[in-house]
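Visitor: Walk me through this model, please. Short questions, short answers.

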Amino acid sequence: MRRALVAAVMVLLLPLPVLPQPATGGAPQTGTRDTYRDYAGLVSELSTLQSVHPDLVMMENIGRTYEGRDIWAVKLSDDVRANDTSEPDILVLGPVHARERMGVEVTMSVLNYLLLNYGINETCSLYVNTRETWFVPMPNPDGHAYVTAGNDWRKNRRPTVGGNTGVDLNRNWGHMFGVDGATSDNPASEVYHGPYPFSENETVAVRDLALRQRFSTSIAFHSHGQLILYPWGYTSAPAPDRDELDAMARTMAAWNGYTPQQSNALYATHGSSDDWFYGNTSCLAFTFELDTQFYPPDSQIPVTCALNREPVLYLVGYPNASLVDAGVLRLEAPFNNTLVEPDRELNISARIMNYGTAEADIPVEAGIASGAYNWSDSSTVRLRPGQSGLCNISWFPPLLAGENCTVTVRTNLSGDGSAWNDERAARFRVKAKYGAALEAQEGTERSCYPGESVSFPLLLRSLSNRENELLLELTGAKTAWGEIAPSVHLPPAGSADIELRVSVPRDAAPGASAAIAVRAFSSTGQGAAGLVATRTNVLDPAPTAVAGEDITVNVTKEALFDGSRSTTPTGVLVNWSWDLGDGSTAGGATVRHAYMRRGTYLVNLTVRNDLGYNRTDSLNVTVRQEFSLSLRAETLTVRPAPGETVVVKFTLENAGNGPDRVALSLDAPEWNASIDAGNATLAAGEALRFSLTIRVPGRALAGSAASFRVTARSTESAYAGDERLFRATVREDRDLSFNLSEPSRRLDAGQTARFSGRFSNGGNIAENLSLEAGGVPEGWTVEFSRPNVTVAPWSNESVTITVRVPAAALAGDYSLSVNGVELAISVNARFGADATVDNATAVAYRGETVTFNVTVFNDANAPDTLTVSVGDLPAGWPEAMVVQPGELLARRNITLTVVVAVPANATAGTVNLRLSVRSAGDPNLSREIPLRVTVLKRPAAAGPADGPPLFLLVLVVVVIAAVAAAAVFAMRRKGRSPGAAGGAQQPDGPQEGMPP
């Protein structure tokens, strides 16, 4: 929010007009453009600036890129051709990353701002005359041109190995180059640091300029993140000048609203420019992460340039002596010897200008003086150097008629360098005036019930400039209802709260209204009169009865009548009276009532409140009765056997909404049949259950049939009834069975079992059968003494079945069938277990784990649950981790893993272990296999197997030591204590998928 507010303020300040300036200063001009520059346009613009300002601007070609573009630096100074070693050198560095183009615009905006305001604005003149400021607007022109052509690119454009292109110029500097962090030795990476420090023409060009000029402060522009970063970037340790760097960053952040922080707090960087500037040249180096995206729209250029101009100027002038000066440009309010109406608010508006060289809170005092009255007030306005702003103070002076007054506005800035414009004054005279004003404070219309009263709060103001008696009068047809004070005495411009009270008589008719106006006027009869018209409406106090919606209900069913939604505008409801339309009455907000006869009834509800008023509401109740019968049978067809008695269940239901008398009948032309119910009275929804009984003749022919009709008729309604037609067909009487005398056996594998079977035909037809075996296990054989059998009606036939169990049969219960009859044979179980280990011997360091691959066999003929364990573990060793095989099918195997953890404090040497496999089916069966673990001591230092050779590691250590010694020596020569070795901020804003 703070950043957005600062940006908005800066945009609003941009178009301020150039104001007339005293000799010591002037209003600054921005020199900002609203489109992005390309390389050719930049070079042309720099050449033009050098031509127009030859004594202030000097271009210098500091290097050439791979693609042949010159890298231009611009020096700005009052004696630009000389090298004044007494003046500090400052570096303003544009973006080294190609797509972060906003940095070019901010760099050029500061350069143009200083040139345009040189000799006009004292701050700009001071910085040009006392400093040598170097600008490198486009240090990566190849990458910038590639992005200008419509590409998204970060690095420079020099080809590298593997068909790749470009080096990240902010990872190519010589301080902590290529160590680790947000850098890469992969040429395809966007943060590729290059083959060696300063391998790129661009970094060499800026480095050589820095070594020659020895900059005291520097600023580099990147995108994005709205951050102000300072060293170190390579480590989280504070830099030796951390307090000064942090104070400077916070000062600059007060202008642009960015977040100040050490670069490493964002993330670690190695080989960055700021770490090199600070660590190798003692330059106070900063990076600005501009905006919230890499490439903002053109419309953002003026905003970003304005937002960051003052922070850059602060860095250019750091440290500097401040010039303190401020004054009043003019009074904006029309106080030019005019007559002013008395008793009105005066707005004193003055334009204040900061002529100094530092941002300041300008104290402003405004006052009004007259013969009888003096008043003053103070405020402050915060202004940057060269900025003007309005200071507004409002005042409601109680001045009398004819008074001559003076308005004075002055600045009281401590240490002000010039007092000629510190004060502006103007005069005015107060006119005489009489009158009154009257305002309604809470509306002009009220409502109330008879016998009540309402109040209208009014504000009475005197428009006179001397004490005055204001009179009040009521007008209207019902002024007798109103009451108000007859007069009020007020001082000049005084005010008072008054009240009009309206009392409505008890006998006032509902709907009537009283229009009463209040008029206020001066007792002198002069001036304006105040008038407020009010209206008081008389409300109806009768309640509202709500009986509810019309109701449809069946006879004998209760209807719910709910009058609880009835309301009364005043008082409370005390009575609910119901006329239910059938001669019944009831009381209460809700009642229930059942109607015994069909018809339509008018129900009236009368409600009464405690004031004695009542109202009535009605609804209609429709009471209905429907006749409907439903006859259901559990089945409508049966196939009985000869001589069988069939009972069929029927259900008769009264589906109507009232009671009904029902007659039941049976039409049975054939066979002997009856129902066990006759006439019945059923309530609504009630059901009658009865049975139809049919006796089939004993000599009935197969396929013969008879029909029966069951009918139900309402005796109350001619149209209500139902019937069901039932049909019985004699079925073919077949009764064939097959049984085994002993259907189950227990055998060992390889034995034979014989079973005796018997067919019985109890039906009335002969049965021709073929013996078939089903579900025979693989390898088993079944033989029949008679494969085909004919069984006469009411006779029996016997057969012999032979079952041979193979010697390889697995243990378990087997089931096979002969003509649908199950034979159960149980094969007895035999158990056995075995195991093998692929790697019974292993070697491990302390603290490592050893894995054994174990194959477990169940060589029995039955499933078995096998348990695997490791025994003989030394004291202190944790229990081995074993994936148990669980239940294993017969003649199956499984391979599992056994993990043994070697404690970190295990004794070196050979440890003999024992792997056991046990059978749950036969606890006496087990298999044991010896295991051996050789425990080794871990070497004192170990690296990856594919690490660099030892002589390379020694060489790297020697080189790092030499570099560190050189850095310490150089820093001591400069008078700095050796702090943490170099570092830099991350100059790019974060982006998805890679470190910026």
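**Cavity, hairpin, helix and sheet**

Guide: Start with the largest cavity: α2 gives the largest share of its lining, four residues. Keep in mind that this is a predicted model.

Visitor: How many cavities of 30 Å³ or more does a search of the whole structure find?

Guide: The search covers the whole structure and applies a floor of 30 Å³. The largest cavity holds about 50 Å³ of space. The number found is two.

Visitor: Which elements each supply at least two residues of the lining of the largest cavity?

Guide: The lining includes Tyr39, Leu42, Val43 and Leu46. α2 spans 39–52. Asp70, Ile71 and Trp72 also line the cavity, and β2 covers residues 70–76. The elements are α2 and β2.

Visitor: How many residues of that lining are charged?

Guide: Met138 and Pro141 are also among the lining residues. The lining has eight nonpolar residues and no polar ones. Asp counts as charged, and Asp70 is in the lining. The charged count is one.

Visitor: Which residue in β2 is the bridge partner of Gly63?

Guide: β1 (residues 57–64) and β2 run antiparallel, joined by seven bridges. Ile71, a residue of the cavity lining, sits in β2 as well. The bridge partner of Gly63 is Ile71.

Visitor: Which residue in the turn between β1 and β2 has a positive phi?

Guide: The two strands form a hairpin, with five residues between them. In that turn, a phi of about 90 degrees belongs to Gly68.

Visitor: Why is helix α8 largely enclosed by the rest of the structure?

Guide: α8 runs over residues 273–281. Its buried residues include Asp274, Asp275, Trp276, Phe277 and Tyr278. Buried here means under 20% relative accessible area. The helix is largely enclosed because the buried residues number eight of the nine.

Visitor: What phi does Ser282 take?

Guide: Ser282 comes just after α8. Thr281, in the helix, is buried. The phi of Ser282 is positive, about 65 degrees.

Visitor: How many bridges pair β35 with β39?

Guide: β35 (residues 645–654) pairs with β33 (residues 629–633) in the antiparallel sense over five bridges. β35 also pairs with β39 (residues 687–695), again antiparallel. The bridges between β35 and β39 number nine.

Visitor: Which residues are the bridge partners of Ala633 in β35 and of Val647 in β39?

Guide: The β33–β35 pairing is antiparallel, and Ala633 has its partner in β35, Phe650. The β35–β39 pairing is antiparallel too. There, the partner of Val647 is Thr693. The names are Phe650 and Thr693.

Notes. Residues numbered from 1 in each chain as written. Predicted model: local features only at pLDDT ≥ 70, side-chain atom pairs only at ≥ 80, totals over all residues. Heavy atoms only, no water. Pairing = 2+ DSSP bridges. Buried < 20%, exposed > 50% of the residue type's maximum accessible area, 1.4 Å probe, protein only. 1 Å grid on protein atoms, 1.4 Å probe; cavity = no way out; pocket = protein on both sides within 12 Å on 5 of 7 lines; lining within 4 Å. Points joined across faces, edges and corners; volume = space filled by probe spheres on them.
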